[in-house]
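Hi,

Here is the structure I promised to pass on. Have a look at it first, and then read on for what turned up when I went through it.

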Amino acid sequence: MKNIDILAILTDGKTFEGKSVNVAGWVRTARDSKTMAFLNVNDGTSLRHLQIVIDKTKFAEADIAPVMKNGASVSVDGTVVKAMKEGEYELNAEKIELLGDCPADYPLQKKYHSMEFLRTIPQLRVRTNTFNAMLRVRSKLSFAIHRFFQENGFCYIHTPIITGSDCEGAGEIFRVTTNGYADAKTVKDEAEYIAGDFFKRKAGLTVSGQLEGEVAAMAMGKIYTFGPTFRAENSNTPRHAAEFWQVEPEVAFAKLPDIIEIAQSMIKYIINAVIEECPEELAFFEKAFEAGLREKLQNVVDSDFKVLDYGEAIKILEESGEKFQYPVGWGLDLQSEHERYITEKVFNKPVFVTNYPKKIKSFYMKQNDDGLTVAATDLLVPGVGEIIGCSEREADFEKLKAAMLERNMNLDDYVGYMDLRKYGSVPHSGFGLGLERIMMYVTGISNIRDVQLYARTAGDLM
Ligand code: 4AD
Ligand code: MG
């Protein structure tokens, strides 16, 4: 490999000026005139392309024609020179090699393709500007997440992907089994079916690393997980994926206000990182997806989030005079339309809604003294809705057990989790940030299918 990154020439052209270099990439556009030909080549290191200038008098026509095709891969030796536009550089070709031909049925011939069409070609949509920018932002965002936690003394923990428990208790678990169709037909009941399975008990893909994250936090103090989670959620919405990445810190000795503080600092830190490290990508998203995107993100970094009690949120919704599709009332869950009203119409910034009724939340959340609510909060943001689910955990053995029994949970599946309340229990809190949800917020891309390399939603497995 002798090629240098196109990004290096684009950002540091002065050092390369007059020098001979090799670049390799895919032709994004090709333009021809009588004496000159131009290729815009992208190698993935930048959202911008490098212009290759071909003096046709120096090449045989047979060498030029095959590279003048969108999608073809090329290797070019040439001299870096100043472009017409002040401060920009291009490459005067000296030798051009076609690495891979790209026939005329290559689907990306137009400047604009609908996101729906692009979903049908995940293997090629990565070669559009949108996916180039999205994947780079996702990479920078992910690394910033690690940096934030590493700089603050958190230990990175890899929690299991295969589990025997259901953290969110919603039963949205993908089963993991080595049993097949034939096994199901020959057994007399479910018990026998499971006894003959790989783990000899029900297993599934994790919906959240939290329960095991709590185990780690009860020894390591401050931990975070960052990995794939899975939900067999059959809701066909633009915000739900069957496979998505979650960042889940868990902090010993932290109470709800402490974890809210951590969540806010983390969101500000990672958004600021994207503002600093991806200015071209954000400018692109602002133009193509969301007007005012950069100002919105800067405001998030510069001002504090709203903290709003669930009860007050209900009051605001009841007094809003809005006609909502779903009913509003104390004890009912907030639907997406309610979340968006609060965060978009009322506050126009991120809002932590706190102290939800315990009946609509998970078993592990700390029960407040009022006997009705739990010390939980969701972070809602304009345009997307919930991006974080957060709570202080119930640290009292008996209260936790009662909450599990109320939900008809099988205590045998949670013996290890309950042990944490038996041996040296401490107050602790944590949250889960959906990586795809924050990606939607940061890029303005409105469908979760377009912030993943491969969309993973019901009925869709490309
Ligand atoms: O609110 P959730 O269900 O909370 C938990 O899983 C907790 N165990 C987290 C914790 O405290 N450690 O999910 C957390 C976040 C949501 O706020 C959302 O951003 C994202 O995960 N999320 C999804 N993202 C995409 N598709 C789905 N189907 C999602 N379900 C949740
Ligand atoms: Mg939630």
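I'll start with Pro327, which sits in the loop between helix H13 (310-318) and helix H14 (336-347). Keep in mind throughout that this is a predicted model. Pro327 has a relative accessibility of 57%, so it counts as exposed, the cut-off being over 50%. Leaving out residues up to four places away in sequence, Pro327 touches Leu332 and His338. Tyr181 is a long way off: 146 residues separate it from Pro327 along the chain, and their C-alpha atoms are 43 Å apart.

Helix H14, at the far end of that loop, contains Glu337. Is Glu337 buried, exposed or partly exposed? Its relative accessible area is 23%, so Glu337 falls in the partly exposed class. Beyond its neighbours within four places in sequence, Glu337 is in contact with Phe324, Gln325 and Tyr326. There is also Gly385 to look at: it is 48 residues from Glu337 along the chain, with 8.5 Å between the two C-alpha atoms.

Now for the inside. Which residues of helix H17 are buried? The list is Leu435, Glu436, Arg437, Ile438, Met439, Met440, Tyr441, Val442 and Thr443. That makes nine of the nine residues in H17 (residues 435-443), so the helix is largely enclosed by the rest of the structure. Note that the list includes Glu436 and Arg437. Right after H17 comes Gly444, with a positive phi near 80°.

Another buried spot is Ala144, in helix H6 (residues 129-151). Its relative accessibility is 0%, and buried means under 20%, so Ala144 counts as buried. What does Ala144 touch, once residues up to four places away in sequence are set aside? The contacts are Tyr269, Ile270 and Ala273. If you want a distance to check in your viewer, Ala144 and Gly71 are 32 Å apart from C-alpha to C-alpha, with their positions 73 residues apart in sequence.

Then there are two backbone oddities to inspect. Lys200 is not a glycine, yet its phi is positive, at about 60°. You'll find Lys200 in the loop between helix H8 (190-195) and strand E8 (204-205), and with 60% relative accessibility it counts as exposed. Asn355 is the other one: it too is a residue other than glycine, and its phi is positive, near 60°. Asn355 belongs to the loop between strand E12 (351-354) and strand E13 (376-381). At 22% relative accessibility, Asn355 counts as partly exposed.

Gly44 is in a loop as well, between strand E2 (36-42) and strand E3 (50-55). With a relative accessible area of 40%, Gly44 is partly exposed. Setting aside neighbours within four places in sequence, Gly44 is in contact with Asn132 and Arg136. Ile342 is 298 residues away from Gly44 in sequence, and the C-alpha atoms of the pair are 39 Å apart.

On to empty space. Rolling a probe the size of a water molecule over the atoms shows where room is left. How many cavities of 30 Å³ or more does the structure hold? There are three of them. The largest cavity has a volume of about 50 Å³, and its lining is made up of Arg119, Pro122, Arg125, Tyr454, Ala455, Asp460 and Met462.

Finally, the whole-chain numbers:

- The protein chain has 17 helices and 15 strands.
- Its C-alpha trace spans about 85 × 60 × 45 Å along the principal axes.
- Of its 462 residues, 48% count as buried.
- Among contacts with a separation of 6 or more, 66% are between residues 24 or more positions apart.
- The accessible surface is about 22400 Å², with 53% of it belonging to carbon and sulfur atoms.
- The side chains include 55 positive and 67 negative ones, and the centres of the two sets lie 3 Å apart.

If you open just one region to begin with, I'd go for H17, with nine of its nine residues buried, and then step along to Gly444 and its positive phi.

Cheers

How values were computed:
Residues numbered from 1 in each chain as written. Chains lettered and ligands numbered in written order. Predicted model: local features only at pLDDT ≥ 70, side-chain atom pairs only at ≥ 80, totals over all residues. Heavy atoms only, no water. Helix = DSSP H or I, 4+ residues; strand = E, 2+ residues; numbered from the N terminus. Buried < 20%, exposed > 50% of the residue type's maximum accessible area, 1.4 Å probe, protein only. Contact = heavy atoms within 4.5 Å. Areas by Shrake-Rupley, 256 points an atom, 1.4 Å probe, with all protein chains shown as cover. Lys, Arg positive; Asp, Glu negative; His and termini not counted. Charge placed at Lys NZ, Arg CZ, Asp CG, Glu CD. 1 Å grid on protein atoms, 1.4 Å probe; cavity = no way out; pocket = protein on both sides within 12 Å on 5 of 7 lines; lining within 4 Å. Points joined across faces, edges and corners; volume = space filled by probe spheres on them.
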